[in-house]
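Look at the fold below with the strands in view. This short report goes through the sheets, some unusual backbone angles and a charged patch.

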Amino acid sequence: MSRPSSTNLAVSAIAASLVTPAAPLRIGLIGFGCVGQGLYDILQHLPGFGAEVRRIAVKNPDKPRSLPKEAFSFHADELLQDRELDVLVEVIDDAAEAFRLVSAALCQGRQVVTANKAMVSQHLPELVALQREFGGTLLYEAAVCGSIPVIRTLDAYFGQEPLRSVSGIFNGSSNYVLTRMGEDGSEYAGALVEAQHKGFAETDPTLDMAAFDPRSKAVILAAHAYGVLLQPEQVLNLGIENVSATDIGYAAVANQKIKVVAGLYLLPDNQLTVFVTPQFVDRKSPLYTVDDEFNGVVIEAEYAGTQFLRGRGAGGHPTGSAVLADLAALRSSFRYAYPKLAAPTLAYTTDLEIEIYLRTDDELILDQLGFTDITEEADEDGYIVGFVPLDALLQHRDRLRKAGAFVARTGNVRPATHATDALELAEAE
Ligand code: HSE
């Protein structure tokens, strides 16, 4: 038998170190809801990954759970104090408490993974600053579009390239409801209950149906894709709480579907606009076939051209899969570079007009929105199509919701009437 050469020994040593991490990653898991259980289950099935859920913290001691009561701590702060934990994974749905825990962990210079889009979108500037000051790392791929690796794609791959637009379906629950209504003629309320039972919806489903959730995701992507830090309230969010069979039928007659589309668009003069609304989508769009709880993201890059990412956007296992990927990334010392934040060049604007379909019986709202142009009107179905200032929609979004109005974008935009230049958004082809 020949003796192994020193080269062979070196190669085997490298291979072993690549395959087997030195010690299992010790995880402190805060939250054991849909995502927490999804991650726990995935790790049980992947012993080779080399991670161990050492401690789990939950809030309510009396809630029935799939693990015995002794498996849990009821004080998340105990996990913060446990310096033997290598990583804290925060997957609770209380954004204020999540920020308290995550910021405290970052002040200790720790490694943290979160899935909390509301928390990240509300506190991104502080979270970036805490990482820089104390040397910790925060990853949050699971916060945007479930299993789709969109944040890392924008931050690491497209970190230098200008992007004309990033748009897509960022919410699984509302897409599920629209799919059921469109394909099976389901009632809105029944379809929403199904989305809740399947573990897609937030604890408060208004966040999904009124498009607060995809708005949080759009705000997070604005930082990575464009280096623009926004507060969620700056972004228009209109949802599907008031959608009816009339609206779905109107789309179907034109061979279109209604989808809740989040759009981040680069405009002339180094301006960026962002909004989240229902939109009529035709067969030419890659989003047309993104149904059920799936999400889709279209990236229009200056040099790469169009890219399309599609995957499950909600549910315990798909979202747990994104947390798993973040854990692996932490192990190889990955952190977000926020490359476009380093030299911000874009200004945020809402000074444009968008063409909408509006169905309402509230005459006052029609007046308040200030249509500048009417393209189509049908009194018998109570809808009107025309251009309105985006600022007017922002101002009246709560009233539109409460008045039972349904709004969908046609896809046409133009400069505000006082502007002179033409405007074209880089929509997905
Ligand atoms: N409620 C969210 C959705 C979960 O429906 O998309 C994933 O963020």
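Strand 1 (residues 25-30) runs parallel to strand 4 (residues 87-90), and four bridges join the pair. One of the bridge partners is easy to find: I30 is matched with E90 in strand 4. Strands here are DSSP runs of E with at least two residues, helices are runs of H or I with at least four, and both are numbered from the N terminus. Two strands count as a pair if DSSP finds at least two bridges between them.

This is a predicted model, in which local features need pLDDT of at least 70, side-chain atom pairs count only at pLDDT 80 or more, and totals for chains, interfaces and linings use all residues. Residues are numbered from 1 along each chain as its sequence is written, and side-chain values use heavy atoms, leaving out hydrogens and water.

Now step back to the sheet. Six strands form an open sheet in the order 3-2-1-4-5-6, with parallel pairing. Strand 3 (72-73) and strand 6 (137-139) are its edge strands, and each pairs on one side only.

Next comes strand 9. How many of its 12 residues are buried? Nine are, so strand 9 is mostly covered, where buried means under 20% relative accessible area, exposed means over 50%, and partly exposed lies in between (1.4 Å probe, protein chains only). Strand 7 (residues 163-169) pairs with strand 9 in the antiparallel sense over four bridges. There, G168 has A262 as its bridge partner. Strand 9 also pairs with strand 10, again antiparallel, over 12 bridges. In that pairing, Q256 is matched with D282.

Three residues lie between strand 9 and strand 10 in their hairpin, and D269 takes a positive phi near 60 degrees there. Two asparagines also have positive phi values.

| Residue | Phi | Place | Relative accessibility |
|---|---|---|---|
| N255 | about 55 degrees | loop between helix 11 (245-253) and strand 9 (256-267) | 45%, partly exposed |
| N270 | near 55 degrees | loop between strand 9 and strand 10 (271-282) | 48%, partly exposed |

Finally, the surface. D361, E363, D367, E377, D379, E380 and D381 gather in a patch of negative charge. A patch is made of residues with over 30% relative accessible area and no salt bridge, with like charges joined within 9 Å and nonpolar side chains (Val, Leu, Ile, Met, Phe, Trp, Tyr) within 5 Å. A salt bridge puts a side-chain nitrogen of Lys or Arg within 4 Å of a carboxyl oxygen of Asp or Glu. D367 sits in helix 14 (residues 363-369). D367 counts as exposed because its relative accessibility is 62%.

Key: Areas by Shrake-Rupley, 256 points an atom, 1.4 Å probe, with all protein chains shown as cover. Lys, Arg positive; Asp, Glu negative; His and termini not counted. Charge placed at Lys NZ, Arg CZ, Asp CG, Glu CD.
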